[in-house]
Amino acid sequence: EDEVDLRLKAQEEEKDQRLLLNTILQNIPLALFAKDARHGFRYVMLNKKAEEVFGCPEREMIGRFDYDILPKKEADSFNRLDAEAMDKGDILETEEQTVTGAQGEFIANSVRVPIVTENRSLLLGILQDVTERVNTQEDLKRAKEQAEQASEAKTEFLANMSHELRTPLNSIIGMSQLLPQRQFEDEICEMLESIHYSSN
């Protein structure tokens with residue numbers, strides 16, 4: 001009886017663990033999917049986020065291939081990366097890959113994890129939509145470039161203005177130095193001194 005109780009308890013714990021794992025997989029805010037690597041990387045599992053991204057429920061995605069749901073260029077890229085991850089037998093990360101989903105194109109970071117057992121060769125895929133972050137970085141880059149251009153324009157403007165002002169001021173200073181050598185009334189001399197001082 002003790003052996004039966006232990007077996008039942010182990011089965012209950014395994015059932016609880018599967019439920020917990022499934023709950024996590026289905027509710028994580030990342031698109032998760034698994035593909036059968038031995039059969040052309042056909043889909044065998046999708047979580048809710050992946051269903052949302054691809055606009056297709058899991059029951060309709062099972063058994064389908066990337067070529068069934070993605071443009072050829074993207075499907076080619078997905079297949080190449082899937083095969084690379086399986087060949088390496090190691091995690092493969094890809095940044096800023098364009099993916100066409102149900103709502104149109106978005107930019108995703110992806111992780112591919114090979115899972116190989118005696119009976120199966122699976123590829124676990126994880127997609128994270130980073131479109132907003134990439135767009136924010138692009139906006140910041142553009143704003144920085146505009147600020148740099150404005151700074152350069154200001155520097156150039158000041159250099160030009162300095163040059164444009166310096167030339168006539170040199171003439172005024174020179175003339176205001178020469179004129180007092182002549183005989184003028186005190187009032188005119190004061191005016192010349194004022195011009196000379198202000199110009200300097």
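**Questions on a five-stranded sheet and its helices**

User: Which residue in E5 is the bridge partner of alanine 31?

Analyst: In E5, leucine 127 is the bridge partner of alanine 31. Please keep in mind that this is a predicted model, in which local features need pLDDT of at least 70 and side-chain atom pairs count only at pLDDT 80 or more, while totals for chains, interfaces and linings use all residues. Residues are numbered from 1 along each chain as its sequence is written, and side-chain values use heavy atoms, with hydrogens and water left out.

User: What makes E1 and E5 a pair of strands?

Analyst: Two strands pair if DSSP finds at least two bridges between them. E1 and E5 are joined by 6 bridges and run antiparallel, so they count as paired. Elsewhere along these strands, aspartate 36 stands opposite leucine 122 in E5. The strand names come from DSSP runs numbered from the N terminus (helices are H or I with at least four residues, strands are E with at least two).

User: What is the strand order of the open sheet?

Analyst: The order of the 5 strands is E2-E1-E5-E4-E3, and the pairing is antiparallel. Strands E2 (42–46) and E3 (92–101) are the edge strands, since each pairs on one side only. From one strand to the next, the twist averages 35 degrees.

User: How many bridges join the other neighbours?

Analyst: E1 and E2 pair over 4 bridges in the antiparallel sense, with phenylalanine 33 having leucine 46 in E2 as its bridge partner. E4 and E5 are antiparallel and joined by 9 bridges; here valine 116 has serine 121 as its partner. E3 and E4 are antiparallel too, joined by 8 bridges, and glutamine 97 has alanine 108 as its partner in E4.

User: What lies between E1 and E2, and between E4 and E5?

Analyst: E1 and E2 form a hairpin with 5 residues between them, and glycine 40 in that turn has a positive phi of about 70 degrees. A second hairpin joins E4 to E5 through 4 residues.

User: Why is aspartate 82 called buried?

Analyst: Buried means under 20% relative accessible area, exposed over 50%, and partly exposed in between, using a 1.4 Å probe and protein chains only. Aspartate 82 has 0% relative accessibility, so it counts as buried. This residue is in helix H5. Leaving aside neighbours within four places in sequence, aspartate 82 is in contact (heavy atoms within 4.5 Å) with Lys35, Phe41, Asp66, Arg112 and Leu123.

User: And why is arginine 133 partly exposed?

Analyst: Its relative accessibility is 40%, so arginine 133 falls in the range between the buried and exposed cut-offs. Arginine 133 is found in helix H6 and, apart from neighbours within four places in sequence, is in contact with Glu96 and Asn109. Its C-alpha lies 9.4 Å from that of isoleucine 107, although 26 residues separate the two along the chain.

User: What makes E1 mostly covered?

Analyst: 6 of its 6 residues are buried. Ala31, Phe33 and Lys35 point one way from E1, while Leu32, Ala34 and Asp36 point the other way. In a regular strand, side chains alternate between the two faces of the sheet.

User: How do you know that the spans of H5 and H6 are close to those expected?

Analyst: The expected span of a helix is 1.5 Å times one less than its number of residues. H5 (72–88) has 17 residues and reaches 24 Å from first to last C-alpha, close to the expected 24 Å. H6 has 48 residues and reaches 70 Å, close to the expected 70 Å. The buried residues of H6 are Thr131, Val134, Ile173 and Ser176, and they pack against E3, E4, E5 and helix H7 (186–199).

User: What makes the largest pocket a pocket?

Analyst: On a 1 Å grid over the protein atoms alone, a pocket is an open set of points where a 1.4 Å probe fits, with protein on both sides within 12 Å along at least five of seven lines; a cavity is a set from which the probe cannot get out, and lining residues have an atom within 4 Å of a point. The largest pocket has 15 lining residues, among them Lys49, Glu52, Val53, Phe106 and Asp129, which lie nearest its centre. Helix H2 (48–54), E4 and E5 each supply at least two residues of this lining.

Notes. Axes are lines fitted to C-alpha atoms, for helices over the stretch in contact, and angles run from 0 to 180 degrees between N-to-C directions.
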